[in-house]
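This briefing goes through the arrangement of the two chains, the surface between them, the fold of one chain, and the setting of one chosen residue. Please read it alongside the sequence and the coordinates.

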Protein chains: 2
Amino acid sequence: MALTGNVVVLTGGVGGAKLARGLVEVLPPERLSFIVNTGDDFWRLGLKICPDLDTLMYTLADVVNPETGWGLRGDSLITLGSLDRLYRVDPWFRLGDKDLATHLLRSHWLRQGCSLTAVTACLVERLGSGARILPMTDAEMPTLVDTVECGLLGFQQYFVKYGWQPVVRGIKHQDCESARLSDAVLSALLAADAVLIAPSNPWLSLAPILAIPGARDLLARLSAPVVAVTPIIGGAAVKGPTAKIMRELGLEVSARSIADFYQDIIGGFVDDKRNEAFARQGLRITQMDTLMNDLPDKIALARGTLEWIGSWTA
Amino acid sequence: MALTGNVVVLTGGVGGAKLARGLVEVLPPERLSFIVNTGDDFWRLGLKICPDLDTLMYTLADVVNPETGWGLRGDSLITLGSLDRLYRVDPWFRLGDKDLATHLLRSHWLRQGCSLTAVTACLVERLGSGARILPMTDAEMPTLVDTVECGLLGFQQYFVKYGWQPVVRGIKHQDCESARLSDAVLSALLAADAVLIAPSNPWLSLAPILAIPGARDLLARLSAPVVAVTPIIGGAAVKGPTAKIMRELGLEVSARSIADFYQDIIGGFVDDKRNEAFARQGLRITQMDTLMNDLPDKIALARGTLEWIGSWTA
């Protein structure tokens, strides 16, 4: 029988949002909480941009651009073009016109003194999707990527401006020492019947969450099972720089390396059926089809994962 | 011979921008400074909106929407629609997508500590028009309209949200006691060979400038001639609430009332040839066609006014 309790998902961007999309079809929204990476967040022209929060919000509200997996469906770039043409502002970071509505409201509310957690809850409520979307922290904790060619880059510079081409030699989480998991995140984790780690990039999307003081410890001590889903399928990442970064950091591009990264916190690992099977003491491992091309795939992976976890205590 | 020295223009919105458009065809831009009303300015969703500065900037850069006289040519309302549809934000104040580029940059630079004067100079420089556009003050000095039906309204609420329909019983300039003319404005006035008061709304657009402590006095004491151009033509305003407000304040809707409003500061008055002629001791008055429908009209009024002032000392 599939797990029917409270499920908390640690997630980053597009890959995590796909699994989230499946989960909301399988569990009622009030059972689901998403703890979202905010290491990618940055300020641009006075606007607070939260790429991973937006991707998840838009996905669950069914307004996401289906071609990219991020941004709003049918968006345009008129303001960005005007910034460029009228004022010679480099348009390296895409700001969609519809998307600007989110950035404007969020920035305005933050300046009025609301926490990012409260602002996100308001945005989600107005977008009309039910699940709880929780920024990992209300502090600013920007991810910096240390590269061979350009030295230390802000995440969006690395990812967008340089198209994740520079060679990574390390990743830093600025000001992580003083950050803390928000109260909403702590409450969700303590009430969890299972914690899933979405198939997002472990180094870029999950590491920031785990870098918050106490986060790794708390996850390791939870009585609820913590289960990671592999982002590596057939020796490659579905999308984005996961495999490239693994190579650059001297790691084998395999599900095994992913399990190693989470080894102190996970009790279960959902591997892909295309990967070479491996075993590890104290770790439950299953293999299934983790490639999510369409909604039935997403639902199947969500249901399969919850059924597998449910079977542990059956 | 037409005046060829430094001309300073006190101006508000669309009417003043029309005369400004004519002046830049008649005088080299380095001879022209515009002192612009900022009483209409307000913050909306964390964006600083300066309607009169924008109207003049856009007009002189030839990017203004020719149908309205304000806003950018060919603009759209995608972000505004998204704020409304996704987040139920009342779209009462139009924020064009192209226009947002200006609001974003201005707000960003202001938050970085630049004065409105410096920010405006940067925007004007990037837009590529040469004339100096000077906010009357760097302080915030919002105009409040006291109305019979709704009490005290912020200017944009009165003007845009209620379409200037409420009956005006008074106009206030919040925090005017602590405002001061900017140094750039003072320098421009002290270097002026003539000061023009544009045919903008005296009560809404010019009164804020004159309400800044010392402004009326300084204008009265300048050795350079100060000349107002009538906004009342044939007993009516060309556009906007000037005549309506005059009636509500118990004033005769006539050029004479306009001359009265400026009586302590002007030495010359450009009346419209359609108006009933009047005389006043110590005031030079001329009549010409002040209606500006097209560019030749604007140039003719600009040239006619400068020639008339030039003739005083000839």
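For the comparison of the two chains, copies are superposed by least squares on the C-alpha atoms of residues with pLDDT of at least 70 in both. The model is a predicted one, and with that superposition chain A can be laid on chain B with an RMSD of 0.0 Å.

**Relation between the copies**

- The operation that takes chain A onto chain B is a turn of 180 degrees, combined with a shift of 0.0 Å along the axis.
- The two copies are thus related as by a two-fold rotation axis, and the C-alpha in chain A that lies nearest this axis belongs to Asp97(A), at 3.5 Å from it.
- Both copies use the same surface, since 100% of the contact residues of chain A recur in chain B.

**The interface between chains A and B**

- On each side of the interface the count is given by residue: 22 residues of chain A are in contact with 22 residues of chain B.
- Three elements of chain A give two or more residues to the side that touches chain B, namely helix H3 (78–87), helix H4 (97–111) and helix H5 (116–127).
- H4(A) provides the largest share of that side, with 9 residues.
- Sorted by class, the side of chain A that touches chain B is made up of 11 nonpolar, 6 polar and 5 charged residues.

**The fold of chain A**

- Chain A contains 12 helices and 14 strands, and its C-alpha atoms fill a box of roughly 65 × 45 × 40 Å when this is taken along the principal axes.
- The radius of gyration of chain A is 19 Å, close to the 20 Å that the globule rule gives for 314 residues, so chain A is as compact as a globular protein of that length.
- Of the 314 residues in chain A, 49% count as buried.
- When contacts in chain A are restricted to residues at least 6 apart in sequence, 67% of them join residues at least 24 apart.

**The setting of Trp109(A)**

- Trp109(A) is found in helix H4 of chain A, the helix that gives 9 residues to the side of chain A that touches chain B.
- Trp109(A) counts as buried because 20 other C-beta atoms lie within 10 Å, and the cut-off for a buried residue is 20 or more.
- Beyond its neighbours within four places in sequence, Trp109(A) is in contact with Cys114(A), Val119(A) and Cys122(A).
- For one of these partners, Val119(A), the C-alpha atom is separated from that of Trp109(A) by 6.5 Å, although the two residues are 10 residues apart along the chain.

Conventions. Residues numbered from 1 in each chain as written. Chains lettered and ligands numbered in written order. Predicted model: local features only at pLDDT ≥ 70, side-chain atom pairs only at ≥ 80, totals over all residues. Contact = placed C-beta atoms within 7 Å. Helix = DSSP H or I, 4+ residues; strand = E, 2+ residues; numbered from the N terminus. Nonpolar A, V, L, I, M, F, W, Y, C, P; charged D, E, K, R; others polar. Rg over C-alpha atoms; globule rule 2.2 N^0.38 Å. Buried ≥ 20, exposed ≤ 12 C-beta atoms within 10 Å, placed from the backbone.
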